[in-house]
Every structure is written in structure tokens, then in C-alpha cells.
Amino acid sequence: MLTPRDLAFLDHGGKECKSEDGRSISDTKEHRLKSVAMSKSKFFLAILEEEDEKIHEHAKAEIKWILDNKQFSALLQVTNGFKPLLNHTKGLSKLVELCGGLENLLLGAGGLGSFIESVGGIEKLQESTGGLSGLAEAVGTKKFADRCLIPILPFLEDDCFRASSSLNKHPPSSVKTSAKGAGWMPAFGLEKNSVLQVNLGEPHIIVALELFRRSSAVITTFRLSSSIDGINFEFLGSFEPENGILFSFLEHPVCAQYLRFHIVNFKHCAQVRMEIFELDMKSFSDAQVIVNETDDLDSSQHGNSKLESLKASFQKIKDTITGGTHRNIYSADRPRRDSRSCTII
């Protein structure tokens, strides 16, 4: 329980004010908040040991306080990681239920990017929950895709697409969902083993893809491969759309600038319209609002330091996903929606 003294410290807003022991009030507030959060985390775990579901209502109240006060990291510190936490809750679905939904969990963790960072990165998430697909199932795949994924292809110039062959009215760039027409179509008689290559303009962390069907043409099997330099390609997997339609997370996120789509089998004729996605690390957080606010700031020292701090935090998240590799190829201030021109090698 918080004592009146605790509440006084937590509610105090003066940064320069000092406590009785001479420490800054803000430092004391943070320390006490963390201390209370760890106590509540221990109580939360103790409640979970009880089999009575009615008692679990108290657990919901405790974790709500933890998330409302952005103290998810304190809970992970008590449990020694995300996987042990899931062992206590007997799975992700029960944890999500106790939190009142995955949205509350991600918001309480400070956003999707902070959540991934706090659990130890994508690979640790994969071990604990089945990765992004497990999270998507917990919140609803469509809702997760709408909120957490950013499409890449619509914002590329037409010369970023090339193919082994194509019909005049169905060029490689018509594979984009933003393009007119029904999609890219290779020349008749050359459909099987046709290849479409996309230059993304710069390396991206690819996490998911979607294939659409716009006519009776159905792609039944295709392969996807990726490359950083456009020369050495890595096989990512073989996919079998259901009736020409597919949405799938990659088994493991991949850092790539070039993608190749290989048609293996089809029905009637080959026609491709697709999308590639990267993660929106700012989803389920107020980081996007902060970025928008900094757009209106002048070049004052306060505005610049605030923006630089935000960029550094996003770079740290990206390094967590990639294991710290390719640090020099990411630009933290790259516009989220822009028209990128590039030259195909």
C-alpha cells in the first residue's frame, strides 16, 4: 500500500525540489514508483499461484496498476524475463486476458518497439510466443496488421520493379496495390519460373507479405528470396496461397533491400498483386505524436535534443531486432510515407 508520504512524493511535480535526504524529488519519485511496482509484481505472481479464478480478479487489478504506470519492465525484472512470466500465467493468452487485451499490454510496455526490446528482441519473442504471428493471433490478425505493419511497395517508384518478362498492359510495377490494373503478368508461355525483382531503395526489416487475387488467375505456389546487395540471394520460403490469397508472417524477420518473387505454379494464368510489410515500431505508443510535434519546433536546443533522443531510442530498438548489425544503413529520421526513387542493378 502507498503511504501518505509515498503519495506526496509521487504527486510532487517540482524537479528542483529536494526531499529530506537531499535527493531530487523526481529521482525519489521514480525510485519509489519502481519499488512499489516491484512489490505489486511479486503480489501479482503470488496471486497467480492460487487456483481460484475469483482471486485472479485481484491479479487483474495489480497488473492494471503496473501497466497504467508504465512499469512493465519492473514486472519482467521480478520474473527474470518474459518467458518465465508466461510460465507463471500459463501462456500468452492468459497474460493478455489478465491485462484486459494485448493493446493494454503493449501500451503499458511503452509501445510495440519497447515491448520487443524489453522481452529481448524478436528471437526471444519467437521462443516465447511464436513471434509476431503469436501476437497477431492474440489481438486479431487484421487489427494487428492495420495497427503495427507499414506497407512498403506503394511508395516505390515504378523503376524499382523489373521482371523476367511481362505483358505491355501489366508491367512489373503493377504488382503494387496502389497501381492501376490487376497486377503484373509475365508473357504467355513464360509464366512458370518467371521472376519479379523489387529494389526497396534501402534495407528494410521485412516481417510479412500479402498476396491478392483480382481475377480468375490464381498463383498456387511461389518462392520468395532476399538480398542486401542484389547479387547474393537467400531463400526465405515457399508459399502456397489458398485460392490465390495469402497473408503470412515470415518465419524470421529478414533485413533486405532486394526481393525476388518466383512463380512456381498457377491456374488459368499468372497474375501477381502483392504487398510487403515492415514493423511500425511506434505503434501502441505516443512516439508518433512526439515526432509530429517536433516537426513544428524551430532549431532551438530543446527541440533538437528532444528529437535526437527519440531517434536514438528507435535506433536502439532496430539494433535489438537485427542483433546490432547493419547499424549504418538505417536512418532513424526516414519519412514513414515517402516516394523513393532507386536504380535497379
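Cysteine 255 sits at 17% relative accessibility in this predicted model, and because the cut-off for buried is under 20%, cysteine 255 counts as buried. Cysteine 148 is buried too, with a relative accessible area of 0%. As for cross-links, a disulfide is a covalent bond between the sulfur atoms of two cysteines. The count of disulfides in the structure is 0.

Cysteine 255 brings us to strand β6, which spans residues 246-267. Strand β6 pairs with strand β3 in the antiparallel sense, and 12 bridges join the two. One residue pair gives a handle on the register here: histidine 204 stands opposite alanine 256 in β6. Strand β6 also pairs with strand β4, again antiparallel, this time over 9 bridges. For that pairing, a useful marker is valine 218, which faces lysine 267 of β6.

Next up is strand β3 itself, running from residue 195 to residue 212. Most of β3 is covered, with 14 of its 18 residues buried. Besides its link to β6, strand β3 pairs with β7 (residues 273-279), where the two run antiparallel and are joined by 6 bridges. Anyone tracing this part of the model can look for alanine 208, which lies opposite phenylalanine 277 in β7. Strand β3 has a further antiparallel partner in β2, a strand covering residues 161-163, and 3 bridges connect them. Here arginine 162 stands opposite glutamine 197 of β3.

That leaves strand β4, residues 218-227, which is mostly covered as well: 8 of its 10 residues are buried. On top of the pairing with β6, strand β4 pairs with strand β5 (residues 234-239) in the antiparallel sense, over 5 bridges. Within this pairing, serine 225 has phenylalanine 235 of β5 as its bridge partner. Strands β4 and β5 make a hairpin, with 6 residues lying between them. In the turn of that hairpin, glycine 230 shows a positive phi of about 80°.

Put together, the strand pairings can be followed from one element to the next. Going from β5, the hairpin leads to β4, β4 pairs with β6, and β6 is joined to β3. From β3, bridges lead on to β2 and to β7. A general point helps when looking along any of these elements: in a regular strand the side chains alternate between the two faces of the sheet.

Notes. Residues numbered from 1 in each chain as written. Predicted model: local features only at pLDDT ≥ 70, side-chain atom pairs only at ≥ 80, totals over all residues. Heavy atoms only, no water. Buried < 20%, exposed > 50% of the residue type's maximum accessible area, 1.4 Å probe, protein only. Helix = DSSP H or I, 4+ residues; strand = E, 2+ residues; numbered from the N terminus. Pairing = 2+ DSSP bridges. Disulfide = S-S within 2.5 Å.
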